[in-house]
Amino acid sequence: VTFTRVTKMMTVDEVDRHSRDGAFIIGLNLQGASWDLVGSQIEKSKPKEMFCPMPVINVKAVTKEKANVGGVYHCPTYMTEQRGPTYYWSAQLKTTSPPSRWVLAGVAMVGEC
């Protein structure tokens with residue numbers, strides 16, 4: 001399975017080396033919520049903000065046992081806003097709220113907006 005770790009880097013220029021155990025991904029936007037850079041977790045979206053740019057994300061492969069971490073929302077990630085047939089994977093985003101809150105809000109990450 002895949003495991004995602006959201007970094008604090010916002011641009012490609014801040015990445016100074018290759019990922020040792022995965023791949024860095026940039027260019028995703030969070031739809032329906034926003035990302036708290038200080039707390040490194042998902043939070044309620046700001047008024048009139050449909051998309052929130054995400055920091056650089058490190059995605060790596062881990063065993064199923066290591067992927068079971070509490071306090072995360074399994075956020076669906078899509079290529080486009082169309083969702084459905086453009087599904088990539090489910091990213092783990094840290095949260096202090098129950099994951100059901102983000103499911104009911106329809107929170108997802110999209111590649112193109």
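**Warm-up.** Which residue in β10 is the bridge partner of T77?

*Solution.* Look along β10, and you will find M109 opposite T77. Please keep in mind throughout that this model is predicted.

**Exercise 1.** Find out how M109 sits in the structure: buried or exposed?

*Solution.* Start with the address: M109 belongs to strand β10, which covers residues 108–110. Next, take the relative accessible area, which is 0% for M109. The cut-off for buried is under 20%, so M109 is buried.

Now list the contacts, leaving out residues up to four places away in sequence. M109 touches L28, N29 and L30, then M54 and I57, then C75, P76, T77 and Y78, and also A91. T77 therefore turns up in two roles, as a contact of M109 and as its bridge partner.

For a distance check, try K8, which is 101 residues from M109 along the chain. The C-alpha atoms of the two are separated by 17 Å.

**Exercise 2.** Work out the strand order of the five-stranded sheet and state which strands stand at the edges.

*Solution.* Begin with the order, which reads β6-β3-β10-β8-β9 in an open sheet with mixed pairing. The edge strands are β6 and β9, each with a single partner, so one side of each has no neighbour in the sheet. Direction ignored, neighbouring strands here are turned by 30° against each other on average.

A reminder helps with the next step: strands of a sheet pair through backbone hydrogen bonds, either parallel or antiparallel.

Both kinds can be seen around β8. Toward β9, strand β8 (residues 72–78) pairs in the antiparallel sense over seven bridges. One position to look at is Y73, which stands opposite L93 in β9. Toward β10, strand β8 runs parallel and is joined by two bridges.

Finally, ask how enclosed β8 is. Six of its seven residues are buried, so β8 is largely enclosed by the rest of the structure.

**Exercise 3.** Describe the three-stranded sheet, strand by strand.

*Solution.* First, write down the order: β1-β7-β2, an open sheet with antiparallel pairing. β1 and β2 (23–25) stand at the edges with a single partner strand each, so one side of each is left without a neighbour in the sheet. From one strand to the next, the twist averages 30°.

Then count the bridges. β1 is joined to β7 (residues 57–61) by five, while β2 and β7 share three.

Last, pick out individual pairs. V59 in β7 is the bridge partner of T4, and R5 stands opposite N58. N58 is also the bridge partner of F24, so this residue of β7 is a handy place to trace the pairing on either hand.

**Exercise 4.** Characterise the largest pocket: how much space does it hold, and which residues are closest to its centre?

*Solution.* Start with the volume: about 190 Å³ of space lies in the largest pocket. Of its 13 lining residues, those closest to the centre are T4, R5, V6, Q92 and K94.

Now sort the lining by strand. β1 (2–6) and β9 (87–94) each supply at least two lining residues, and β1 gives the largest share, with four.

Then sort by class. The lining has six nonpolar, five polar and two charged residues.

To close, link back to Exercise 3. T4, one of the residues closest to the pocket centre, pairs with V59 in β7.

**Exercise 5.** Compare S40 and K48: where do they lie, and what is the sign of phi at each?

*Solution.* Recall the background first: most residues other than glycine have a negative phi.

Take S40. It has a positive phi of about 50° without being a glycine, and its place is the loop between β4 (34–36) and β5 (41–43). With 16% relative accessibility, S40 counts as buried.

Take K48. Here phi is also positive, about 65°, and again the residue is not a glycine. K48 lies in the loop between β5 and β6 (51–53). Its relative accessible area is 89%, and K48 is exposed.

Put side by side, S40 is buried, whereas K48 is exposed.

Conventions. Residues are numbered from 1 along each chain as its sequence is written. This is a predicted model: local features need pLDDT of at least 70, side-chain atom pairs count only at pLDDT 80 or more; totals for chains, interfaces and linings use all residues. Side-chain values use heavy atoms; hydrogens and water are left out. On a 1 Å grid over the protein atoms alone, a cavity is a set of points where a 1.4 Å probe fits but cannot get out, and a pocket is an open set with protein on both sides within 12 Å along at least five of seven lines; lining residues have an atom within 4 Å of a point. Grid points are joined across faces, edges and corners, and a volume is the space filled by probe spheres set on the points. Ala, Val, Leu, Ile, Met, Phe, Trp, Tyr, Cys and Pro count as nonpolar, Asp, Glu, Lys and Arg as charged, and the others, Gly among them, as polar. Buried means under 20% relative accessible area, exposed over 50%, partly exposed in between (1.4 Å probe, protein chains only). Contact means heavy atoms within 4.5 Å. Two strands pair if DSSP finds at least two bridges between them. Axes are lines fitted to C-alpha atoms, for helices over the stretch in contact, and angles run from 0 to 180 degrees between N-to-C directions.
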